[in-house]
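Colleague: Could you take one helix of this model and go through it closely, then set it beside the loop after it and the packing elsewhere? Please give the cut-offs as you go.

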Amino acid sequence: MAARKELVLYYTPEKSDADRLLKGVLVRMGVRIRNLTPEQTGEKIGALAGLAGCEEQTDAPEAPAISEKMLILHGFSQQRLQELLAGLRKAKVPPIPLKAMVTEHNADWTLYELYQEIRKEHEMMTGQKESK
């Protein structure tokens, strides 16, 4: 049942000390980590997550650079997601506001398209919080 194993796709434009803290939490939880690079922003999420029927493109179109960290989660139950978030807080990992789950809907999007969508959602959510 290796296909159901939890995976975190981790995108960071530049390395930092927080990366070590984040990866420590993931390793302790037994979660697989796949580091994504700026050259992969044109790749489809499903291919990056290794979903069946989604092949990585060797000639993926180049997409604009992404300047923020992102966590894209695959295969997490609600309970394991809560464990992960609690573990990140406990380890004092600086917040990574841009997070998403791999879904049937977004698996065919490129990393850059997903970034645009969750950036827009984040701005809406933080805008709503600030107006209260």
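Modeller: The answer below starts with helix H3 and ends with a pair of rings. This is a predicted model, in which local features need pLDDT of at least 70 and side-chain atom pairs count only at pLDDT 80 or more, while totals for chains, interfaces and linings use all residues. Residues are numbered from 1 along each chain as its sequence is written, and side-chain values use heavy atoms, with hydrogens and water left out.

Helices (H or I, at least four residues) and strands (E, at least two) are DSSP runs, numbered from the N terminus. Helix H3 covers residues 78-90, which is 13 residues. From first C-alpha to last, H3 reaches 18 Å, close to the expected 18 Å, where the expected span is 1.5 Å times one less than the number of residues.

The buried residues of H3 are Arg 80, Leu 81, Leu 84 and Leu 88; buried means under 20% relative accessible area, exposed over 50% and partly exposed in between, with a 1.4 Å probe and protein chains only. These residues lie on the same side of H3 because they cover an arc of only 105° around the axis, taken from the directions from the helix axis to the C-beta atoms. They pack against helix H1 (17-29) and strand S3 (70-74), contact being heavy atoms within 4.5 Å. On the face turned away from the buried side, H3 carries the exposed residues Gln 78, Gln 79, Arg 89 and Lys 90.

After H3 comes Lys 92, placed in the loop between H3 and strand S4 (99-101). Its phi is near 60°, a positive value in a residue other than glycine. Most residues other than glycine have a negative phi. Lys 92 counts as exposed because its relative accessibility is 67%.

Strand S3 also supplies at least two residues of the largest nonpolar core, as do strand S1 (7-11), helix H2 (45-48) and helix H4 (111-131). Such a core is a set of buried Ala, Val, Leu, Ile, Met, Phe, Trp, Tyr and Cys residues joined through side-chain atoms within 4.5 Å. This one has 20 residues, and Met 70 is among those with the most contacts inside it. The largest share, five residues, comes from H4.

H4 also holds Tyr 112 and Tyr 115, three residues apart and so separated by about one helical turn. Their ring centres are 5.9 Å apart and their planes stand at 40°, so the pair is tilted; rings of Phe, Tyr and Trp (its six-membered ring) pair if their centres lie within 6.5 Å, with planes under 30 degrees apart stacked, over 60 edge-to-face and the rest tilted.
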